[in-house]
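The following paragraphs proceed from a single residue to the helix packing around it, and then to the chain as a whole. The reader is invited to keep the model in view throughout.

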Amino acid sequence: MLIYIFVFSVVFKIRLKPIETGTDNFVLFLLAGLLPWMAFSEAVSNSAGMFLGKAGLITKVAFPLEVVPLASVVVTFVLNGIGFLVFLIYLMIEGYGHISWLYLLPVTVIFMIFTLGLMVLMASLSIFVRDIQQVIGSAMSLWMYLTPIIYPVTMLSDKLSVLMRLNPMYAFIELYHELLLKHTLPFDLFCYAVGYAIVSFLTGIWFYSRSRNAFADVL
């Protein structure tokens with residue numbers, strides 16, 4: 001975070017248009033999107049070897065494996081939430097506090113469901129395709145730059161803005177930007193987020209349920 005702040009705020013001295021982002025302070029805009037991303041990225045990155053690390057339990061013990069990704073996503077979001085809480089306090093000091101922040105709770109729950117579905121999918125898939133652990137780090141870095149975290153979506157052309165909506169993380173990151181800095185909850189973004197969360201969760205659970213019986217044989 002300090003590196004991003006130094007490069008974009010100190011070196012390049014980037015200023016934003018408040019009418020577009022809710023603030024002219026690039027650091028606030030960056031952290032509003034980067035902190036949720038960090039929780040998501042850490043959870044998904046750790047999921048690749050999650051079931052592989054429990055091989056002894058899978059092959060020898062009748063263990064409810066579903067508990068592993070659930071506990072992991074909760075712990076990751078709680079630990080990263082400490083930094084996010086500090087950021088909220090700083091925003092309040094700067095005068096950005098607002099009643100609309102109450103919507104952060106349901107948005108974060110939906111975000112966790114989306115993350116959980118992707119974690120279950122990656123954890124299950126990595127048992128059969130071990131190279132996923134080597135690829136996922138690069139994939140997450142690429143995904144971050146394809147998400148409006150270090151740049152506002154208003155910098156994109158109309159065509160790219162439309163394509164950006166196909167990126168599931170666009171909806172979640174923009175919801176945090178809108179709530180924290182502009183104090184609004186766009187209904188379309190919220191619906192996109194709910195839709196992506198449902199698809200992610202159902203896909204992860206479907207693949208897990210179809211492949212669960214083969215885990216012990218592969219391991």
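A residue counts as buried when its relative accessible area is under 20%, as exposed when that value is over 50%, and as partly exposed in between. The model under discussion is a predicted one. With this scale in hand, A43 can be placed: its relative accessibility is 0%, so A43 counts as buried. A43 belongs to helix α3. Leaving aside residues up to four places away in sequence, A43 touches T76, T115 and M119. Two of these partners, T115 and M119, recur in the list of α6 residues that meet α3, and that helix pair is taken up next.

How do α3 and α6 pack, in terms of angle and axis separation? Helix α3 spans residues 26–47 and helix α6 spans residues 104–128; their axes lie 8 Å apart at an angle of about 20°. Angles under 35 degrees count as roughly parallel, and α3 is therefore roughly parallel to α6. The crossing in which α3 passes α6 is right-handed. On the α3 side the contact is made by P36, F40, A43, V44 and S47, and on the α6 side by F111, F114, T115, L118, M119, M122, A123 and S126. Sorted by class, this contact of α3 with α6 comprises 10 nonpolar and three polar residues, with no charged ones.

Helix α6 also packs against helix α9, which covers residues 168–182. The axes of α6 and α9 come within 11 Å and cross at roughly 165°. Because angles over 145 degrees count as roughly antiparallel, α6 is described as roughly antiparallel to α9. The crossing of α6 and α9 is left-handed. Here L104, V107, T108, I110, F111 and F114 of α6 meet P168, M169, F172, L175, Y176, L179 and L180 of α9. The contact of α6 with α9 contains 12 nonpolar residues, one polar residue and no charged residues. F111 and F114 of α6 appear in the contact with α9 and also in the contact with α3.

A further residue, F201, is located in helix α10, which runs over residues 187–211. Is F201 buried, exposed or partly exposed? Its relative accessibility is 31%, and F201 therefore counts as partly exposed. Not counting residues up to four places away in sequence, F201 touches I113, L116 and G117. F201 and I113 are 88 residues apart in sequence, yet their C-alpha atoms are 6.4 Å apart in space. For A43 and Y192, the sequence separation is 149 residues and the C-alpha to C-alpha distance is 21 Å.

These local views can be set within the whole chain. The secondary structure of the protein chain consists of 11 helices and zero strands. For its 219 residues the globule rule gives a radius of gyration of 17 Å; the value for the protein chain, 19 Å, is close to this, so the chain is as compact as a globular protein of that length. Along the principal axes, the C-alpha atoms fill a box of roughly 55 × 35 × 30 Å. Of the 219 residues, 44% are buried. Among contacts between residues at least 6 apart in sequence, 76% join residues at least 24 apart.

Technical notes
Residues numbered from 1 in each chain as written. Predicted model: local features only at pLDDT ≥ 70, side-chain atom pairs only at ≥ 80, totals over all residues. Heavy atoms only, no water. Axes fitted to C-alpha atoms, helices over the stretch in contact; angles between N-to-C directions. Helix = DSSP H or I, 4+ residues; strand = E, 2+ residues; numbered from the N terminus. Parallel < 35°, antiparallel > 145°, perpendicular 65-115°, else oblique. Left-handed = near helix turned anticlockwise from the far one by under 90°. Contact = heavy atoms within 4.5 Å. Nonpolar A, V, L, I, M, F, W, Y, C, P; charged D, E, K, R; others polar. Rg over C-alpha atoms; globule rule 2.2 N^0.38 Å. Buried < 20%, exposed > 50% of the residue type's maximum accessible area, 1.4 Å probe, protein only.
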